[in-house]
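Q: I am in my first year of studying proteins, and I would like a close look at one part of this structure. Could you take me slowly through its strands and the aromatic rings that they carry, and then through what surrounds them?

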Amino acid sequence: MSPPTQALRLSLPSMVYCAGSNVEGEVLLDFRQLREEDIQQVQVKLRGSVHTMIKRDKTTLRETIPLVYVSLDLWTQGSAYPLPGTDTIRLPFRFRLPDNLPPSFHYSGWQKSAYVLYELTIVGVRPGTFQFNKKLRMPLAVVPKDTIGKNLRNGIASLGWRKGERTEKIRRGLWGDYSTAHVELLFPDMPVLPLFVDIPFIINVTTTTAPLTRAKADAHPEDRPIFPSPPTISEIDFRLVRFMKIRAERFSTECIDDLLGARRVPSRMVVDKDLPPREWVVVESGGEKGSEAEKGTWVQRARFRTSVRLSVPPTFVSPTIECLYTLDLKVPFPGISNDVRIDVPVTIVSGIDAPLSRTSPPVSQGAACSAPPTGPMLDLPPAYWDVNGRDWDDPGEKD
């Protein structure tokens with residue numbers, strides 16, 4: 001770990017960058033502190049790499065794939081001085097990200113980890129074997145460039161609906177006639193789901209009882225639910241599930257991560273109250289309509305609406321990390337194994353083709369830059385932004 005410095009500051013706009021875009025900022029040098037800390041050269045480096053680790057028994061394998069590593073010499077002793085009346089030297093820089101890059105990503109689990117890291121590093125070079133260089137680090141949020149998703153962002157309301165559906169035969173106990181539960185998950189009919197825009201979802205639940213006589217139907221107490229009754233909002237379990245494949249040298253593993261849990265979605269979910277609570281449907285006439293011998297079923301319906309703004313790292317496949325997503329809906333009913341489940345694979349894309357401004361003010365940091373910018377942007381864990389928690393560094397570089 002490099003010692004803290006008061007000589008170097010980094011000014012960088014708060015952005016989500018996309019592949020192929022520019023990363024621009026300024027390094028601010030305190031000329032008095034440069035001399036006190038014996039800094040004789042200042043460099044800025046942009047680096048990106050994929051890191052995986054898998055541990056089995058007593059063997060730990062790691063693999064690193066470099067993505068980008070470029071550097072600029074911004075200042076050397078005697079090359080520039082502050083303007084009269086100030087001690088600050090302002091040094092602008094610009095890097096261009098490569099066109100094809102995987103998104104920023106971080107996963108850490110039991111005996112395995114995988115992350116795609118992009119980072120700016122400001123290095124204050126000090127001569128001498130026993131003098132450590134001074135460093136500032138700032139992780140960057142990067143996503144792939146995406147024109148398809150960008151074009152879809154403003155036209156979601158005019159699209160038709162894509163539907164996943166499932167029908168199950170269920171009964172309350174081990175014996176008896178089966179009832180039917182039919183569940184539909186609807187969302188805009190588009191090939192990909194873009195980030196940072198509200199996407200509407202509709203959940204339709206239709207239940208049909210086993211056939212019964214009109215007399216038995218009328219005898220059912222009004223204040224008791226009719227099996228199978230549609231669930232309440234709190235019972236709906238709607239998730240975005242991430243499937244990952246990780247490889248490190250000869251080891252490989254798979255893991256699953258729930259990103260959008262049931263506790264988050266229902267807070268924005270509402271019930272459509274325009275549907276009738278239940279409807280009697282005749283299946284076998286027993287004489288006059290409405291007679292006690294008439295047979296029919298109770299059909300009950302419920303509709304739930306919600307919208308979700310995705311901010312997860314987009315779908316991607318690299319040589320050592322594969323990240324895929326599925327929408328997972330579970331609707332529970334009373335009884336054993338009566339849950340109705342729908343899984344819909346989806347491809348998530350960035351939805352941007354240029355850097356996207358974040359809601360926090362520009363960053364101006366000294367020492368280590370370890371606090372993540374605020375705002376509803378790319379959802380990365382605190383560990384991604386923790387520059388002090390890295391277990392890797394540039395090979396051969398003097399700290």
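A: What follows begins with one strand and its partners, and then moves outward to other parts of the chain.

Please keep in mind that this is a predicted model. The chain averages a pLDDT of 88, and 88% of the residues score at least 70. Confidence is lowest in strand E26, residues 363-365, with a mean of 42, whereas it is highest in strand E21, residues 316-317, at 98. Two stretches call for particular care: over residues 261-266 the pLDDT stays under 50, and the model has 12 contacts beyond four places in sequence for them, while residues 372-376 also stay under 50, with 10 such contacts.

A good place to start is strand E12, which covers residues 179-188 and is mostly covered, since 10 of its 10 residues are buried. Strand E11, residues 161-170, is joined to E12 by 10 bridges, and these two strands run antiparallel. Within that pairing, Lys163 stands opposite Leu186 of E12. E12 also pairs with strand E14, residues 198-208, again in the antiparallel sense, over 7 bridges, and here Val183 stands opposite Val205 in E14. As background, strands of a sheet pair through backbone hydrogen bonds, either parallel or antiparallel.

Now turn to the rings. A search of the whole structure finds 7 aromatic pairs. One of them is formed by Phe187 and Phe201, whose ring centres are 5.6 Å apart and whose planes make an angle of 40°, which is described as tilted. Phe187 lies in strand E12 and Phe201 in strand E14, so this pair ties together parts that are 14 residues apart in sequence. Both Phe187 and Phe201 are buried. Ring pairs also bring in Phe238, linking Phe187, Phe201 and Phe238 into a cluster.

Another pair makes a useful contrast in geometry. The rings of Trp280 and Trp298 have centres 5.2 Å apart and planes at 70°, so this pair is edge-to-face. Trp280 belongs to strand E19, residues 279-284, and Trp298 to strand E20, residues 295-309, so that the pair links distant parts of the chain, 18 residues apart. Trp280 is buried at 15% relative accessibility, and Trp298 is buried as well, with a relative accessible area of 10%.

A second group of strands can be read in a similar way. Three strands form an open sheet in the order E10-E2-E25, with mixed pairing. Strand E10 (141-143) and strand E25 (356-357) stand at the edges, each with a single partner strand, so one side of each is left without a neighbour in the sheet. Strand E2, residues 15-18, is joined to E25 by 2 bridges, and these strands run antiparallel; Met15 has Ser357 in E25 as its bridge partner.

The loop between strand E24 (348-349) and E25 holds Ser350, which counts as buried at 2% relative accessibility. A polar atom of the Ser350 side chain lies 2.7 Å from the backbone oxygen of Pro144. Leaving out residues up to four places away in sequence, Ser350 touches Val143, Pro144, Lys145, Asp146, Leu195, Phe196 and Pro314.

The cysteines deserve a short look too. A search of the whole structure finds 0 disulfides. Cys323 is buried, with a relative accessible area of 0%, and its sulfur is 9.6 Å from the closest cysteine sulfur, in Cys255, which is too far for a bond. Cys18 is likewise buried, at a relative accessible area of 1%.

Finally, some details of the backbone are worth noticing. Most residues other than glycine have a negative phi, and most peptide bonds are trans. Against that background, a cis peptide bond joins Phe227 and Pro228, with omega about -5°, and Pro228 is placed in the loop between helix H3 (214-219) and strand E16 (237-248). Asp57, found in the loop between strand E4 (41-56) and strand E5 (59-76), has a positive phi near 55° and is exposed, with a relative accessible area of 71%. Glu249 has a positive phi of about 55° although it is not a glycine; Glu249 lies in the loop between E16 and strand E17 (251-258), and it counts as partly exposed at 44% relative accessibility.

Technical notes
Residues numbered from 1 in each chain as written. Predicted model: local features only at pLDDT ≥ 70, side-chain atom pairs only at ≥ 80, totals over all residues. Heavy atoms only, no water. Pairing = 2+ DSSP bridges. Helix = DSSP H or I, 4+ residues; strand = E, 2+ residues; numbered from the N terminus. Buried < 20%, exposed > 50% of the residue type's maximum accessible area, 1.4 Å probe, protein only. Polar contact = N/O pair within 3.5 Å; in protein donor to acceptor, adjacent residues only side chain to side chain. Contact = heavy atoms within 4.5 Å. Disulfide = S-S within 2.5 Å. pLDDT = per-residue confidence, 0-100. Phe/Tyr/Trp six-rings, centres within 6.5 Å; stacked < 30°, edge-to-face > 60°.
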